[in-house]
Amino acid sequence: QGLVVTQLDIQPGECIKVKGKILSDAKGFAVNVGKDSSTLLLHFNPRFDCHGDVNTIVCNSKQDGTWGEEDRKADFPFQHGDKTEICISFNETEATVKLPDAEFQFPNRLGMEKIEYLAVEGDFKVKAIKFS
Ligand SMILES: C=CCO[C@@H]1O[C@H](CO)[C@@H](O[C@@H]2O[C@H](CO)[C@H](O)[C@H](OCc3cn(Cc4cccc(/C=C/CN=C(N)N)c4)nn3)[C@H]2O)[C@H](O)[C@H]1NC(C)=O
């Protein structure tokens, strides 16, 4: 299992920056933020080749262990072996994922008011995390 950070107190407008490297043979990875592993404001899941998806970012929320409706993004600004920085922030209406060359929004379906939990899973080697 990957990096997990709990007991956070990230407020609207603050950023979570995850710096790291995508494995050269990555099938997929995920960055999850929310209250805990069962209650996610955002599951940000770039898929190179998994679950039948190729080069597709799948976003979703999770409420008490139940996945919401998936949101598949049009752009896929990732390549195997890339070093990248993923910056996640949120407000009462949406979560924003900022990458060096792309930005995505996802609705704050749960009306979450603070992020307490961060997890990075799959084929992503975390180098650093910063909170600002
Ligand atoms: C078409 C059939 C029915 O529809 C499918 O139904 C599946 C099950 O619900 C959905 O899939 C689910 O989608 C969810 C979001 O909605 C989560 O992503 C979930 O994963 C949770 C999860 C995370 N994690 C850790 C993790 C995350 C990323 C990579 C790895 C491992 C790397 C692999 N590296 C290798 N092997 N080298 C591990 N494990 N499980 C996934 O199973 C598909 O999207 C959906 N597809 C469509 C088109 O609708």
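Is aspartate 64 buried or exposed? In this predicted model, aspartate 64 is exposed, with a relative accessible area of 64%, and the first of the close-up views below begins from that residue.

**View 1. Aspartate 64 and asparagine 55, two residues with positive phi.**
Aspartate 64 sits in the loop between S5 and strand S6 (66–67), and its phi is positive, at about 45°, although the residue is not a glycine. Asparagine 55, which belongs to strand S5, likewise carries a positive phi, near 50°, in a residue other than glycine. Most residues other than glycine have a negative phi. Asparagine 55 is classed as partly exposed because its relative accessible area is 42%, a value in between the limits of 20% for buried and 50% for exposed.

**View 2. The largest nonpolar core and the strands that supply it.**
The largest nonpolar core holds 32 residues, and among these Leu42, Phe44 and Phe78 touch the most other members. At least two residues of this core come from each of strand S2 (16–22), strand S3 (29–36), strand S4 (39–50), strand S5 (53–63), strand S8 (83–90), strand S9 (94–99), strand S10 (102–107) and strand S11 (117–122). The greatest contribution to this core is that of S4, with four residues. In soluble globular proteins, nonpolar side chains tend to be buried together.

**View 3. Phenylalanine 78 and threonine 84, residues in mutual contact.**
When residues up to four places away in sequence are not counted, phenylalanine 78 touches Ile22, Phe29, Phe44, Pro46, Phe48, Ile57, Thr84 and Leu99. Threonine 84 has its place in strand S8 and is classed as buried because its relative accessible area is 9%, where the limit for that class is under 20%. With neighbours within four places in sequence left aside, the contacts of threonine 84 are Val18, Lys19, Gly20, Phe78, Leu99, Pro100 and Phe124. Leu99 thus appears among the contacts of phenylalanine 78 and also among those of threonine 84.

**View 4. Isoleucine 16 and its partners, including phenylalanine 131.**
Isoleucine 16 is part of strand S2 and counts as buried, its relative accessibility being 0%. The C-alpha atoms of isoleucine 16 and phenylalanine 131 are 4.8 Å apart in space, while the two residues are 115 residues apart in sequence. Apart from residues up to four places away in sequence, isoleucine 16 touches Ile10, Val33, Ile86, Cys87, Ile88, Ile115, Leu118, Lys130 and Phe131.

**View 5. The ligand and the residues around it.**
The ligand has 15 residues around it, of which His43, Arg47, Asn60, Glu70 and Asp123 come nearest. An N or O atom in the side chain of arginine 47 is 2.8 Å from an oxygen atom of the ligand, and a polar side-chain atom of asparagine 60 lies 2.9 Å from a ligand oxygen atom. On the side chain of aspartate 123, a polar atom lies 2.8 Å from a nitrogen atom of the ligand. On its own the ligand has 980 Å² of accessible area, of which the protein covers 51%. The elements S3, S4 and S11 give two or more residues to the shell around the ligand, and S4 gives the most, with three residues. By class, this shell consists of three nonpolar, six polar and six charged residues.

Terms used: Residues are numbered from 1 along each chain as its sequence is written. This is a predicted model: local features need pLDDT of at least 70, side-chain atom pairs count only at pLDDT 80 or more; totals for chains, interfaces and linings use all residues. Side-chain values use heavy atoms; hydrogens and water are left out. A nonpolar core is a set of buried Ala, Val, Leu, Ile, Met, Phe, Trp, Tyr and Cys residues joined through side-chain atoms within 4.5 Å. Buried means under 20% relative accessible area, exposed over 50%, partly exposed in between (1.4 Å probe, protein chains only). Contact means heavy atoms within 4.5 Å. A residue is near a molecule or strand if one of its heavy atoms lies within 4 Å of it. A polar contact is a pair of N or O atoms within 3.5 Å; within protein, one must be able to donate a hydrogen and the other to accept it, and residues adjacent in sequence count only if both atoms are side-chain atoms. Accessible areas come from the Shrake-Rupley method with a 1.4 Å probe; for residues, only the protein chains shown count as cover. Ala, Val, Leu, Ile, Met, Phe, Trp, Tyr, Cys and Pro count as nonpolar, Asp, Glu, Lys and Arg as charged, and the others, Gly among them, as polar.
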